[in-house]
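Thank you all for coming; I would like to take a few minutes to go through one model with you. Please have a look at it on the screen before I begin.

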Amino acid sequence: MESSTNSCAPVTPLADLASIEQAVMNVAERSFFAFAEAVALSTAADLVANGAPALTSAVHFSGPSRGQMRVTMPVTLARELAQQFSGDPSLEFSDADLTDMAGEFTNMVTGAWLTAADASSMFDLTAPEVTRVDSTPAVALMMQINGQPVGLSWLVE
Amino acid sequence: MADAVLQLNRTAEQRVVVGIGEFAVSADPTSMIVTHALGSCVAVCIWDPVAGVAGLLHILLPDSRINPERAAQQPGAFADTGIPLLFRTAYAQGAVKARCKVQLIGGAEVTISGGQAIGKRNVLAARAMLWQNGVKVEREITGGAQARSVWLSAGTGEVQVTTAGLRVA
Amino acid sequence: MIPLHILVVDDSAMMRAVIKRALQQTDLDIGVVLEASHGQEALDILDHEPVDAVLTDINMPVMNGIELLRAIDARAPEHLLRIVVSTDGSSMRRDEAVTLGVSAYIEKPFQPEVVRGVFDEFLRARDAAR
């Protein structure tokens, strides 16, 4: 399910770690006014630190390429993103709201990544599938958004 | 608490100079509010064309939680404390939020700060505060690697931006 | 100014709320902002409510944004501003949208003032036509 950039597959824009980092930064900055940066892969355990739950969102894409993007974030980050996105830090968000937020974030990251890789070709995205996870998922890229961890993995068929 | 609002400097040009972490608001149409050395710092300029009220805040850091003691002494130094204070002061002089036109200038990465990206963080923090408060941004001149200076006319609301003495916007 | 009735179509409730907030930060006189979570819901609303502008996502379940735009276009509506708000920023998708009567294309992620810019242009054109 996860993609490794040190595999034997040829490096394409879609397999390029930097392009995914850039997509996350663009989304974080433009829609969430949040600071995003890459961090060590060894911090993946922070995604479910102290038993706190996390949300993994999966978006499948098709077009010139097929594959999927998976983004895992602690529920606390989903809540912070919802607050930043909505512009109201005092709002209470339901589990459904946080699921929606995690999924929409993944949707935007996937779209930004695909558009940057090939601005001429159309692609289709499935609705995000969001599940709650309690153990550290396998990820290929770890980043922080406003200091909170987010893990990404992707597959390009 | 240090004086955050400067008294008008009664020179022939009615120039009001705003330092780092300071702000000024003026309804005097002869005033020119100025700030310099905007490297990673961000200037928040507001202008209500109906009330004729202009304000400029020079933010140093994004979040007052970094240094609550300094924030208590100089709230203008931080985006989250400075921006509300700038607007409240402007409201006291007749500005209305819905009419305010806002420009952001600065947020460059002018020094090697160990990857802290303070300039970008300042811009994002200012943006987040403005979005939270339902304030629209008319223009943003941010990023890059050069320090900027800003001149805000309290007579017209015009904002001029210079880099190394040359007007860039 | 006659208040505008706007329909926002997106399967994300959070995104609909943000678009609504961005609309409120424009200088528009907004009468009502209606919401739909997919194209079929949007068509049902358009059948019963006066709408001046539609902002629609592309990738949605049940009926996606392209199918919605085709259905709207087939009705040949007069004076309905159609705007796409989508993660797909490809030139092919934009070109497809134009053929379906779309006047503006907002690519996600977007800064709030982009929404204002789109409607400023619409208002200018409308005022010029009067």
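By a nonpolar core I mean a set of buried Ala, Val, Leu, Ile, Met, Phe, Trp, Tyr and Cys residues that are joined through C-beta atoms within 7 Å. What you are looking at is a predicted model, and I will start with the core and then move to the strands of chain B.

The largest nonpolar core has 131 residues, and those that touch the most other members are A:V109, B:V44, B:C45, B:L56, B:I59, B:A126 and C:I83. The element that gives the most to this core is helix α3 of chain A, residues 95-117, with ten residues. As a general remark, nonpolar side chains tend to be buried together in soluble globular proteins.

Let me stay for a moment with one of those residues, B:A126, and ask which residues it is in contact with once its neighbours within four places in sequence are left aside. They are B:V42, B:V44, B:I59, B:A79, B:I83 and B:L104.

Turning to the sheet, chain B has an open one of five strands, in the order β2-β5-β4-β6-β7, with mixed pairing. Its edge strands, each of which pairs on one side only, are β2 (23-26) and β7 (137-142), and from one strand to the next the twist averages 10 degrees. Helix α2 of chain B, residues 79-92, packs on this sheet and touches β2, β4 (42-48) and β5 (53-59), its direction making about 165 degrees with that of β5(B). Strand β6 of chain B, residues 101-106, pairs with β7(B) in the parallel sense over five bridges, and within that pairing B:L104, which we have already met as a contact of B:A126, has B:E140 in β7(B) as its bridge partner.

Further along chain B there are two hairpins to point out. In the hairpin of β8(B) and β9(B), five residues lie between the strands, and B:G157 in the turn has a positive phi of about 80 degrees; these strands, residues 148-153 and 159-163, pair in the antiparallel sense over four bridges, with B:V150 bridged to B:V161. The hairpin of β9(B) and β10(B) has two residues between its strands, and here B:A164 in the turn has a positive phi of about 50 degrees. That pairing is antiparallel over two bridges, and B:T163 has B:L166 as its bridge partner.

Finally, a word on chains B and C: four residues of chain C are in contact with four residues of chain B, and the chain C side consists of one nonpolar, one polar and two charged residues.

How values were computed
Residues are numbered from 1 along each chain as its sequence is written. Chains are lettered from A and ligands numbered from 1 in the order in which they are written. This is a predicted model: local features need pLDDT of at least 70, side-chain atom pairs count only at pLDDT 80 or more; totals for chains, interfaces and linings use all residues. Two residues are in contact if their C-beta atoms, placed from the backbone, lie within 7 Å. Ala, Val, Leu, Ile, Met, Phe, Trp, Tyr, Cys and Pro count as nonpolar, Asp, Glu, Lys and Arg as charged, and the others, Gly among them, as polar. A residue is buried if 20 or more other C-beta atoms lie within 10 Å of its own, exposed if 12 or fewer, and partly exposed in between; C-beta atoms are placed from the backbone. Two strands pair if DSSP finds at least two bridges between them. Axes are lines fitted to C-alpha atoms, for helices over the stretch in contact, and angles run from 0 to 180 degrees between N-to-C directions.
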